[in-house]
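This report walks through one protein model, beginning with a charged side chain and its partner and moving outward to the surface and the overall fold. The sequence and the structure come first.

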Amino acid sequence: MLDKLIFKTEKREKNAFYCSDVGKSLLDLYYGFKGIEQTNPPEWYNTLCWGAGKGMEESMLDRLKESGIVNEDYDQKENGRVEITREGIEIHGYIDAITKEGLPIEIKSINNKNSWDIKNYESNKPKENYVGQLCVYMDALDVDTGYLF
C-alpha cells in the first residue's frame, strides 16, 4: 500500500519573499522566483512531520489563548497576515500568534532525533533562521520584543 501513497503540491508562482525565507540559500530563492521545479521534491512521508508540527503549533496556540496571553479569537490567517516592503522588496507571511500587547510569537517544533537542535535550544541558541523570521515579524509590527517557542 505504501507505494500507492502520493503527495500533490499546488504550484504557486513565487512573487515575493516569505518571512520563512530568512536563511535560505540564494540559489533556492533564485530558482523559486524563476519557477524552476525542484530536483528533489518532497515525498508523501515528508508531509507527516509537517502535519505533526502544525498540530503542535495549533495546540500551543490553544494553550496561549487559554492562558490569556493571546486573544481567544486570534486566527493566523485573519489576524497574523504580514505584507511589508523593505528596501523595495515585498515580504509576506503569517505570524503564528500575537500577544494581547501586540508582540509576535513564532512557534517551532523539533523532533527527538535532532539532538543538536535540542541541546542548542536548551542553551538558548535557537536556529538563526527562526530568530530571523521572528525579527521580520517584529519589524512588521514595529516592536522590539518577540517570543520564539
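Lys108 is partly exposed, with a relative accessible area of 23%, in a model that is predicted. The side chain of Lys108 meets that of Glu106 in a salt bridge, with a distance of 3.0 Å from N to O. Glu106, for its part, is buried, since its relative accessible area is 2%, and the cut-off for a buried residue is under 20%.

**Salt bridges**

The salt bridge of Lys108 and Glu106 belongs to a set that comes to eight by the distance rule applied here. Another member joins Asp139 to Arg86, whose closest N and O atoms are 2.6 Å apart. Because Asp139 lies in helix α5 (residues 128–141) and Arg86 in strand β2 (residues 81–86), this pair ties together parts that are 53 residues apart in sequence. Both ends are partly exposed, Asp139 with a relative accessible area of 36% and Arg86 with one of 32%.

A further bridge is found within a single helix: Arg63 and Glu66 both lie in α2, three residues apart, which is about one turn of the helix. Their closest N and O atoms are 3.1 Å apart. Arg63 is partly exposed at a relative accessible area of 38%, whereas Glu66, at 58%, is exposed. Beyond these pairs, Lys14, Asp21 and Lys24 are linked in a network of salt bridges.

The three pairs are set out below.

| Salt bridge | Closest N to O distance |
|---|---|
| Lys108 and Glu106 | 3.0 Å |
| Asp139 and Arg86 | 2.6 Å |
| Arg63 and Glu66 | 3.1 Å |

**Surface patches**

Acidic side chains also gather on the surface, where Glu58, Asp62, Glu72, Asp73, Asp75 and Glu78 form a negative patch. One of these residues, Glu72, is found in the loop between α2 (46–66) and α3 (76–79), and it is exposed, with a relative accessible area of 57%.

A patch of another kind is nonpolar: Leu27, Tyr30, Tyr31 and Ile36 make up a surface of about 400 Å². Ile36 belongs to the loop between α1 (26–34) and α2, and with a relative accessible area of 46% it counts as partly exposed.

**A buried loop residue**

Is Thr99, in the loop between β4 and β5, buried or exposed? Thr99 is buried, because its relative accessible area is 7% and a value under 20% counts as buried. The loop that holds Thr99 runs between β4 (97–98) and β5 (104–106). Once neighbours within four places in sequence are set aside, the residues in contact with Thr99 are Ile69, Val70, Ile105 and Tyr147. The C-alpha atom of Thr99 is separated by 11 Å from that of Ser67, a residue 32 positions away along the chain.

**The fold as a whole**

The secondary structure comes to five helices and six strands, and their order along the sequence follows the pattern β-α-α-α-β-β-β-β-α-α-β. Taken along the principal axes, the C-alpha atoms fill a box of roughly 45 × 40 × 35 Å. Among contacts between residues at least 6 apart in sequence, 57% join residues that are at least 24 apart.

Of the 149 residues, 26% count as buried, and Glu106 and Thr99 are both described as buried above. The accessible surface of the protein comes to about 11000 Å², with 50% of that area belonging to carbon and sulfur atoms. As for charge, the protein has 19 positive and 27 negative charges, and the mean positions of the two sets are 6 Å apart.

Key:
Residues are numbered from 1 along each chain as its sequence is written. This is a predicted model: local features need pLDDT of at least 70, side-chain atom pairs count only at pLDDT 80 or more; totals for chains, interfaces and linings use all residues. Side-chain values use heavy atoms; hydrogens and water are left out. Patches are made of residues with over 30% relative accessible area and no salt bridge: like charges are joined within 9 Å, nonpolar side chains (Val, Leu, Ile, Met, Phe, Trp, Tyr) within 5 Å. Accessible areas come from the Shrake-Rupley method with a 1.4 Å probe; for residues, only the protein chains shown count as cover. A salt bridge is a side-chain nitrogen of Lys or Arg within 4 Å of a carboxyl oxygen of Asp or Glu. Lys and Arg count as positive and Asp and Glu as negative; His and the chain ends are not counted. The place of a charge is taken as NZ of Lys, CZ of Arg, CG of Asp or CD of Glu. Helices (H or I, at least four residues) and strands (E, at least two) are DSSP runs, numbered from the N terminus. Buried means under 20% relative accessible area, exposed over 50%, partly exposed in between (1.4 Å probe, protein chains only). Contact means heavy atoms within 4.5 Å.
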